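Me: I would like a close look at a single part of this model, in connected prose, with each term explained where it comes up. Please choose one strand and follow it to what lies around it.

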Amino acid sequence: MLALWFMGAALASSTADELLDPARFLIDRAARSSGADVLYGARTSSAKSLVYRWAQVGGDGSEVDQVLAPELGKQSMVFRPAGRLVAGTLTPGLQQGDREDGILGLRAGLDARAYWKSVELMAHPQFHLDESQPSFALPLGWAGIHTEQWRVGFGLEERWFGPGRHGGLMLTDNARPAPLGSTAFEGRLGEHWGRVRAEVGAGWLDAPRVDVDRPGWLVMDFRWAPHPMVELGLSRMSIFGGVDRPAPNIGQLILPTEPHVSDDPDQRLPDQDEIAAIDLRVTLPLGSWLSGSRAEPGHGLALDYLEVWMQYGGEDVIARSIGPIPVPALAGIANLWGGELGLGDVTANLEWARVLDDQFRWYTGHRIYHEGFVQEGESMGHPSGGDSRTWNFSLRWMPGRWGAELVGEDRLRVGGIDVSQGILRTLSNDEHARSVGFRGWWLADGHAWWHAGFALEHTENPGFQPVDIERTWRIHIGR
């Protein structure tokens with residue numbers, strides 16, 4: 001089984017939540033195969049959310065039950081040791097901003113969760129050691145109320161909006177989480193209107209910035225599935241205020257119809273940076289339609305489901321009007337498309353994203369908040385950042401207690417400088433990276449997966465420097 005441990009990737013498919021990621025994958029795969037009444041496009045760190053989703057799927061008697069046994073049994077305290085040992089020069093993405101600086105690194109922590117009636121408490125303190133440089137981190141710290149329909153709380157936790165497997169235009173776990181208080185509701189609208197989820201939250205970006213320190217942060221997300229096969233999502237984020245900056249009034253925060261892009265030479269009037277997206281997911285449970293086609297977990301290959309998704313977004317509000325009526329419009333445009341085929345124990349997906357606009361910068365370039373939606377220089381949205389085009393693929397085999405995955409990425413980054421007269425000016429050399437990797441899991445002790453793997457990356461013109469090639473690698477093992 002050691003050979004399985006050394007199959008794994010630290011690329012776009014990596015995740016900071018290795019403890020629950022395989023359980024989430026098994027639950028969602030079962031839901032897609034059966035056409036269960038669940039929503040996929042909003043993800044948090046909550047194990048209770050997985051429990052509620054597992055109940056909707058109707059699952060029992062599997063590895064998911066073993067991993068979520070404390071939550072299923074309503075145990076008051078849950079402690080899951082976690083850690084990993086890493087070696088290499090490749091900088092991983094989708095890891096909550098943990099760049100693993102240096103050629104050797106150690107992560108050790110304790111995932112602690114407490115439940116009392118509807119109260120949910122989560123904390124995951126971590127100790128980091130990178131080439132004799134110790135530090136501490138708190139990627140998860142949350143307190144709130146969580147029922148089957150309502151979730152209200154405040155803290156730090158990873159979030160993901162949108163149907164993408166390898167990235168998202170709005171919010172992913174690529175950057176360190178920022179403090180946020182939020183209220184979310186999920187439930188059905190009667191018998192015929194499907195399932196909805198609505199969330200609104202506010203907080204601040206606490207990492208040091210080169211533009212405005214500690215700006216406010218507004219998050220909104222709405223999802224509606226009129227039928228389990230179809231899900232529509234609307235998401236929005238806003239940066240506003242901050243140290244020595246006035247904040248817009250509440251009306252402008254909700255609907256920014258008067259962005260100050262002119263007549264403010266000293267740049268002292270209230271302003272805000274906006275990002276918004278619409279996404280669509282269609283899942284066809286082919287195995288349920290074709291008699292005898294659907295495979296039980298651990299029983300080989302069969303045609304289960306076909307899923308396709310898209311996300312279309314824009315950044316930075318510009319003022320337009322329809323006659324006398326002011327209308328806010330989003331400027332820079334980005335697109336994400338993908339598809340996945342479920343074949344019993346095997347799933348294969350392909351995803352493309354273009355976070356690049358010919359006239360406006362994506363994630364960066366706002367006149368006040370020009371650093372954009374970042375934490376410590378890491379994009380809060382797509383891991384490739386703005387001014388990029390990426391292809392990602394994944395081939396995963398997971399019968400249940402163990403699994404292995406092959407992943408790859410082709411990433412092109414454009415060195416954007418600025419926009420002049422509606423034309424984006426760029427550096428003369430694009431950065432082009434190609435990577436491949438493997439990772440694997442093994443449910444060794446009945447309640448937590450071990451994970452391990454390696455990855456290789458070949459980059460042309462790293463840092464947009466001409467005639468330069470860089471080869472990086474990474475190996476990891478942990479639980």
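Reply: What follows is an account of strand β3, with its partner strands, the loop before it and a helix that it helps to cover.

This is a predicted model, in which local features need pLDDT of at least 70 and side-chain atom pairs count only at pLDDT 80 or more, while totals for chains, interfaces and linings use all residues. Residues are numbered from 1 along each chain as its sequence is written, and side-chain values use heavy atoms, with hydrogens and water left out.

Strand β3 covers residues 104–116; strands here are DSSP runs of E with at least two residues, helices are runs of H or I with at least four, and both are numbered from the N terminus. Two strands are said to pair if DSSP finds at least two bridges between them. By that rule β3 pairs with β2 (residues 77–88) in the antiparallel sense, over eleven bridges, and one place to see this pairing is R84, which stands opposite R107 in β3.

Strand β3 also runs antiparallel to β5 (residues 126–130), to which five bridges join it, and here G105 faces D130 of β5. Another five bridges connect β3 with β4 (residues 119–123), again in the antiparallel sense, and A112 has A123 in β4 as its bridge partner. Strands β3 and β4 make up a hairpin with two residues between them, and in that turn K117 has a positive phi of about 55 degrees.

At the other end, the loop between β2 and β3 holds I103, which counts as partly exposed because its relative accessibility is 39%; buried means under 20% relative accessible area, exposed means over 50%, and partly exposed lies in between (1.4 Å probe, protein chains only). I103 and L104 belong to a nonpolar surface patch together with V436, F454, L456, W473 and I475, and the accessible area of these residues together is about 560 Å². Two or more of the patch residues come from each of β25 (449–460) and β26 (469–478). A patch takes residues with over 30% relative accessible area and no salt bridge, joining like charges within 9 Å and nonpolar side chains (Val, Leu, Ile, Met, Phe, Trp, Tyr) within 5 Å. A salt bridge is a side-chain nitrogen of Lys or Arg within 4 Å of a carboxyl oxygen of Asp or Glu, and the areas come from the Shrake-Rupley method with a 1.4 Å probe, where for residues only the protein chains shown count as cover.

Strand β3 has a further role as cover for helix α3 (residues 47–57), in which A47, K48, L50, V51, R53, W54 and V57 are buried. An α-helix has 3.6 residues a turn, so residues three or four places apart point the same way. The elements covering the buried residues of α3 include β3 and β4, along with α2 (21–34), α4 (63–67), α5 (69–72) and β7 (141–146); contact here means heavy atoms within 4.5 Å.

Both ends of α3 can be described as well. At the N-terminal end S46 acts as a cap, with a side-chain oxygen 3.2 Å from the backbone nitrogen of K48; a polar contact is a pair of N or O atoms within 3.5 Å, where within protein one must be able to donate a hydrogen and the other to accept it, and residues adjacent in sequence count only if both atoms are side-chain atoms. After α3 comes G58, which has a positive phi near 85 degrees.
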